Amino acid sequence: MESMKRIVVTVGHKAKPEHFALARDMAEKLRVPFVERGNTSLDAIREKFDVPCVMVVKERLVVDTPDGELYFHPGMAHLRLKNLRRGEGDHLLHALGVIEGMRILDCTLGMGADAIVESFGAGGTGEVIALEKNPVVAALIAHGMKTDEGEHPTTVAAMRRVRVVCADYLDFLRGQPDNSFDAVYFDPMFRHPFTESAGIHPLRFLADPRPVSVEAIHEARRVASRRVVLKESSKSGEFARLGFTEFEGGKYSNVRYGVMRVENAAVF
């Protein structure tokens, strides 16, 4: 894959033996070089290996990109789960119709916050499979999901239950049986983003920029037994292009969840 030619793995200045072990493991998993850093700067490593990105193993796993550092953090999932524990709702869970035991396919892992919330909603008897096309992002977020301690036991449990799969979502959908998931979710990178937090810029550098295709929605409708949901800008033309006519979201929010109920789904 082209993205694999654009990164090397190294360790931080104060690397411990376990950092070296993880760095070598990541390099082997991604099939990219592991570089003994020593006192070499990241800029010098980039220049020597002609790569824009360097994965650095230190106290946490970081991908240093031209647009800043990318690292796993549950982010807004913390606040959303705190609200859910208080008995408040969540627009995504409502759009997906999440209940205990549901099987959810999240086609666009990104930083993982939505997948964590979905996992919390589906509970211990449910399942969330989250797809990420970029192997670097998939490895980074999967590692974070397995190791981050979170701020609450239920957050940690939800993270641990998410299964990250490195795959192109259209290819993955094509290979799934009919009605094999209860709900399928898409959150593509917005073509015209709002003002973003600094943490989103490096993700955008690595993310798949393609819009969701009509074929992907068609496959999602076949695979989902209940709903297909698309997150987009509230004024986006993507909803109309892809056939979404029902919406969920905050009245004054800049984003909306388009909801497509599968016709043969049982009422719930």
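## Arg103 and its partner

Is Arg103 buried, partly exposed or exposed? In this predicted model, Arg103 counts as partly exposed, because its relative accessibility is 26% and the buried class stops at under 20% while exposed starts at over 50%.

Arg103 doesn't sit there on its own: its side chain pairs up with that of Glu127 in a salt bridge, at 2.6 Å from N to O. Arg103 belongs to strand β5 (residues 103-106) and Glu127 to strand β6 (residues 127-132), so this contact ties together parts that are 24 residues apart in sequence. Glu127 also counts as partly exposed, with a relative accessibility of 27%.

## Arg222 and two acids

Next up is Arg222, which sits in helix α10 (residues 214-223) and is partly exposed at 23% relative accessibility. Its side chain forms a salt bridge with Asp178 at 2.8 Å, N to O. That pair links distant parts of the chain, as Asp178 is found in the loop between α8 (169-174) and β8 (181-186), 44 residues apart from Arg222.

Arg222 also meets the side chain of Glu219 in a salt bridge, this one at 2.7 Å, N to O. Here the partners are three residues apart in helix α10, so about one helical turn separates them. Glu219 is buried, since its relative accessible area is 12% and the cut-off is under 20%.

## The wider picture

How many salt bridges does the structure hold? The count comes to 21 salt bridges. Some charged residues join up in a network: Lys133, Asp168, Asp208 and Arg210 are linked by salt bridges in this way.

Notes
Residues are numbered from 1 along each chain as its sequence is written. This is a predicted model: local features need pLDDT of at least 70, side-chain atom pairs count only at pLDDT 80 or more; totals for chains, interfaces and linings use all residues. Side-chain values use heavy atoms; hydrogens and water are left out. A salt bridge is a side-chain nitrogen of Lys or Arg within 4 Å of a carboxyl oxygen of Asp or Glu. Helices (H or I, at least four residues) and strands (E, at least two) are DSSP runs, numbered from the N terminus. Buried means under 20% relative accessible area, exposed over 50%, partly exposed in between (1.4 Å probe, protein chains only).
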